[in-house]
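User: I would like to learn how to read sheets, ligand shells and cavities in a model. Can you take me through them one at a time?

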Amino acid sequence: MMGQSAVFESEEFRELTAIARTMKEPPEEDGSLRQAWYINRARTVLSEREKRLGRKLTFCVVTFGCQMNERDSEKLRGVLKLAGYEESESEDADFVLYNTCTVRENANIRVYGRLGSLTAYRKKNPDMRIALCGCMMQEKEVVEKIRTSYRYVNLVFGTHNLHRFAELLAACLMSDEQIIDIAQQGSSIVENLPAERTYPFKSGVNIMYGCNNFCSYCIVPYVRGREKSREAKEILREIEQLADDGVVEVMLLGQNVNSYGKGLETPVSFAQLLSEIEKIDKIQRIRFMTSHPKDLSDDLISVMAQSSKICRHLHLPVQSGSSRLLKIMNRHYTKESYIALTKKLKEAMPDLSLTTDIIVGFPGETEEDFLETLDVVRQVQYDSAFTFIYSRRTGTPAAAMEDQISEDVIRDRFDRLLKEVQQIGRARSSRFEGQILPVLAESRNRQDPNLMTGRTSHNLVVHFPSKEDLSGSIVNVRLSESCGFYYMGERV
Ligand code: 5AD
Ligand code: SF4
C-alpha cells in the first residue's frame, strides 16, 4: 500500500505553516496554527538528527481496532511525514507508534506482547522513540502499568489529545523523560490538520466523535467520551478538498452515524448530510459506518434508495437476537423491531447487502437466548457478520453482572454461530454470479500481480485480470465465479 499513499494538506494548513514559520513562540491557542508551529519545530530537530546520523529517519505506525483508529492513524502519519520522517513497514524504525484499541481484552494483551518485542530494536538504536495512543490509553490501570513497568515508552497520549500530536512529538524528541498526556474530556474539534491517506482515491471522513449510548458491555463511551458532531460545512469542505485531491469514495465514520447532527447549533440530520455530500461532483461512492438500529430513520432509507452514489451496503449491528438480552444490553430495540427494520430496508433496496456484529456469551445468556440469535441470523440472511466472544470490560455495567458464562459454553455457541453465519454468507455472496457490476479497482493483487482487486458497491471483493494498474477507477466487471466470499471476474 505504501507506494500509493499521499499526504493531504489543505490550502489552509499550508498557509498556517507559512505563518507559523514567522513566529518565534507557538501561539497559546490550542488549534491548527499551534500544531503547524510544532511540526516546523519537529522538522528542525529531525533534520539536525539526520545530519548527525548521516541517514534518513523512519517511522512505523501500527493500528489496532476499528476504522476510526485507521483514520486517526492517517492523521498521525500525516504529521510524522510533514515533520520529515519516512515511512517504514518494519518496527525497527526511529519512531514507533501503536494506536491501540480496548474494545475487547485480547486487543490489550497483543499490545503488551508487541511492546516487549520492541526492546531489541531499542538496544540497537538508543535514539528510537516509542509512543502509545488510542483507546487503551484512556484506561487508568493501563497508564499506571506503562508508567511503572514500561519505562522505555517515551510518549503516551489518549483519544482526546490526538490533535495535539505535533506538539507532543516535538516534546518527545527533545526530552528523555516519559511524557504522558491524557485528557478525560474532548476540547473543541480542531479542523484542518494534515493526513496521510493509505489510498489516494478513497478516504475515511470523521463526521462525529464519541458515543452516548452506553450499551452495557461496551467501553467505548468511557474511552472516546460523549458524542460530538462536526459541523456539516466543515465535513463538506473536507470532502470537496479530498475530491479535488483525487478521492472518489468516502467512508463517513462515527460510532452511531444515525444520530449525527444532534447538538449542533443548526441541527442537520444524517440523511440531510448525505444528500449534501451526494451533490459533490467528483465523489462517486459514499459509504458510512456504524449505524445503530434504534436511530435509523425512514428519511435515511429513502435518501439511500434514491441515491446513485450511496453504496448498497449497510452495517447494522444486532449484537443479540434475544429481546430479553437486548434490553439488558441497553440497545433500545427488540428482535421483532430489528427484523422489521431489515425488511423495510430490503423492500426499499432489494439488492442491499446487510452485515452485522454479534456478541456471544453476554452475562446470563441462556441456550434459548442464543437460539434467538441464530434465528435472527437465519431470518435476516446477512452477507457477513463479525462474531465476537463477550469480553468483560472493567467499569462497564455488564462486567459487574452475575452469571458470567463459562468458556466451554461460549466456545460451543461461538462455533455454531460461525458455521451458520458462514454458510449463509457464502450463499448470499454468490447471488451476483454472472452479473456485470461496477467495481472500484483498489490495488494489485498481492499474490498474483496480473490481477487487480476491487469492490462492488455491496462491498464484495472481486479479483480480475488487468495489465493496466486501474487503481482508483470504477470499471465494469463480470462476476464470473463466486469463490465463497469473493469473486473472480473479468473486465467487460
Ligand atoms: N465484548 C465483545 N464484543 C464487544 N463489542 C463491543 N464491546 C464488546 C465486548 N465487551 C463489539 C460489538 C460492537 C463491536 C465494534 O465490538 O459487537 O458492535
Ligand atoms: Fe459501544 Fe454501543 Fe456506542 Fe457502539 S453504540 S460504541 S456498541 S456503546
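Analyst: We go through ligands, then sheets, then cavities and a pocket. This is a predicted model: local features need pLDDT of at least 70, side-chain atom pairs count only at pLDDT 80 or more, and totals for chains, interfaces and linings use all residues. Residues are numbered from 1 along each chain as its sequence is written, chains are lettered from A and ligands numbered from 1 in the order written, and side-chain values use heavy atoms, with hydrogens and water left out.

User: Which residues surround ligand 1?

Analyst: A residue is near a molecule if one of its heavy atoms lies within 4 Å of it. Here the shell of ligand 1 holds Val103, Arg104, Tyr217, Gln319, Asp357, Ile359, Phe388, Ile389, Tyr390, Ser391 and Arg393.

User: Where are the polar contacts of ligand 1?

Analyst: A polar contact is a pair of N or O atoms within 3.5 Å; within protein, one must be able to donate a hydrogen and the other to accept it, and residues adjacent in sequence count only if both atoms are side-chain atoms. Asp357 places a polar side-chain atom 2.6 Å from an oxygen atom of ligand 1. Arg104 does so at 2.9 Å, also to an oxygen atom. Tyr217 uses a backbone N or O atom, 3.0 Å from a nitrogen atom of the ligand.

User: What classes of residue make up the shell around ligand 2?

Analyst: Ala, Val, Leu, Ile, Met, Phe, Trp, Tyr, Cys and Pro count as nonpolar, Asp, Glu, Lys and Arg as charged, and the others, Gly among them, as polar. The shell of ligand 2 has 7 nonpolar, 3 polar and 1 charged. Among its residues are Cys211, Cys215, Cys218, His292 and Arg331. Tyr217 is listed around ligand 2 and around ligand 1.

User: What is the strand order in the sheet with S15?

Analyst: Helices (H or I, at least four residues) and strands (E, at least two) are DSSP runs, numbered from the N terminus. Two strands pair if DSSP finds at least two bridges between them. This open sheet of 3 strands runs S14-S15-S16, with parallel pairing. S14 (313-315) and S16 (384-389) each have a single partner strand, so one side of each lacks a neighbour in the sheet. Strand S15 (residues 353-360) meets S16 over 6 bridges. Ile359 stands opposite Phe388 in S16. Both residues also appear in the ligand 1 shell.

User: Which strands stand at the edges of the sheet with S12?

Analyst: That open sheet of 3 strands has the order S9-S12-S13, again parallel. S9 (202-206) and S13 are the edges, each with a single partner strand, so one side of each is left without a neighbour in the sheet. Strand S12 (residues 249-253) and S13 are joined by 5 bridges. Val250 has Ile286 as its bridge partner in S13.

User: How many cavities of 30 Å³ or more are there?

Analyst: On a 1 Å grid over the protein atoms alone, a cavity is a set of points where a 1.4 Å probe fits but cannot get out, and a pocket is an open set with protein on both sides within 12 Å along at least five of seven lines; lining residues have an atom within 4 Å of a point. Grid points are joined across faces, edges and corners, and a volume is the space filled by probe spheres set on the points. The search finds 2 cavities. The largest holds about 40 Å³. Ile286, Arg287, Phe288, Ile310, Cys311 and His313 line it. Strand S13 (residues 285-289) gives the most, 3 residues.

User: What space lies in the second largest pocket?

Analyst: About 760 Å³. Its lining has 39 residues, and the closest to its centre are Lys75, His163, Ile189, Val190 and Tyr209.
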